[in-house]
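Please look over the sequence and the model below before reading on. The report that follows goes through some of their features under short headings.

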Amino acid sequence: QVQLVESGGGLVQPGGSLRLSCAASGSIFRINAMDWYRQAPGKQRELVAAGTSGGTTNYVDSVKGRFTLSEDNAKNTVYLQMNSLKPEDTAVYYCSLKGLSTTLRYFEVWGQGTLVTVSS
């Protein structure tokens, strides 16, 4: 079984930075893909950043050049570095990981979400 724990959210002023972490634990053989989503109040959840273990990353246009997805394989942890934050970035952020367990079973797990509030 694989679990995710997110951290790093909080209140930040416009123009500030935050780094979100998503730590995976359990019977992990390999992480194949990692995604960050967000859901603002009254809006649908949207994919913000998507990455693969091969190093490919893609971002929604609204965060390109400001957000960076990265991975620490040794720690089974995925990060989302968010710079130049704007009020419209305010949302609950969720990470999602896909991969293989040590029994070579496919898994897809979600974090519990972490709130990011951008406000002066």
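## The disulfide

In this predicted model, the torsion about the S-S bond of cysteine 22 and cysteine 95 is about 65 degrees, and the disulfide is therefore right-handed. Cysteine 22 belongs to strand β3 (residues 18-26) and cysteine 95 to strand β9, so the pair ties together parts of the chain that are 73 residues apart in sequence. The sulfur atoms of cysteine 22 and cysteine 95 are 2.0 Å apart, and a search of the whole structure finds one disulfide. A disulfide is a covalent bond between the sulfur atoms of two cysteines.

Are these two cysteines buried or exposed? Cysteine 22 has a relative accessible area of 0% and is buried, and cysteine 95, at 1% relative accessibility, also counts as buried; both conclusions rest on the cut-off for burial, which is under 20% relative accessible area.

## The chain as a whole

The protein chain has eleven strands and zero helices, so that its pattern, read along the sequence, is β-β-β-β-β-β-β-β-β-β-β. Its radius of gyration is 14 Å, close to the 14 Å that the globule rule gives for 120 residues, and the chain is therefore as compact as a globular protein of that length. Taken along the principal axes, the box that the C-alpha atoms fill is roughly 50 × 25 × 25 Å.

Of the 120 residues in the protein chain, 43% are buried. Among the contacts with a separation of 6 or more, 54% are made by residues 24 or more positions apart. The chain exposes about 6400 Å², of which carbon and sulfur atoms supply 48%.

## Strand β8 and its partners

Strand β8 (residues 77-82) is mostly covered, since five of its six residues are buried. Strand β3, which holds cysteine 22, pairs with β8 in the antiparallel sense over six bridges, and within this pairing alanine 23 has threonine 77 of β8 as its bridge partner.

Strand β7 (residues 67-72) also pairs with β8 in the antiparallel sense, over six bridges, and here the bridge partner of serine 70 is tyrosine 79 in β8. The hairpin of β7 and β8 has four residues between the strands, and in this hairpin asparagine 76 takes a positive phi near 50 degrees.

## Strand β11 and threonine 114

In a regular strand the side chains alternate between the two faces of the sheet. Strand β11 (residues 114-118) shows such an alternation: the side chains of Thr114, Val116 and Val118 point to one face and are buried, whereas those of Leu115 and Thr117 point to the other face and are not. Three bridges join β11 to strand β2 (residues 10-12), and these two strands run parallel, with leucine 11 having threonine 117 as its bridge partner. Strand β9 (residues 91-101) is likewise joined to β11 by three bridges, but these strands run antiparallel, and valine 92 stands opposite leucine 115.

Which residues does threonine 114 touch, not counting those up to four places away in sequence? They are Glu6, Ser7, Gly8, Gly9, Leu20, Ala91, Val92 and Tyr93. The side chain of threonine 114 reaches the backbone nitrogen of glycine 9 at 3.1 Å. With a relative accessible area of 10%, threonine 114 is buried. The C-alpha atoms of threonine 114 and valine 78, which are 36 residues apart along the chain, are separated by 14 Å.

Definitions and conventions:
Residues are numbered from 1 along each chain as its sequence is written. This is a predicted model: local features need pLDDT of at least 70, side-chain atom pairs count only at pLDDT 80 or more; totals for chains, interfaces and linings use all residues. Side-chain values use heavy atoms; hydrogens and water are left out. Buried means under 20% relative accessible area, exposed over 50%, partly exposed in between (1.4 Å probe, protein chains only). Two strands pair if DSSP finds at least two bridges between them. Contact means heavy atoms within 4.5 Å. A polar contact is a pair of N or O atoms within 3.5 Å; within protein, one must be able to donate a hydrogen and the other to accept it, and residues adjacent in sequence count only if both atoms are side-chain atoms. A disulfide is a pair of cysteine sulfur atoms within 2.5 Å. The radius of gyration is taken over C-alpha atoms; the globule rule is 2.2 Å times the number of residues to the power 0.38. Accessible areas come from the Shrake-Rupley method with a 1.4 Å probe; for residues, only the protein chains shown count as cover.
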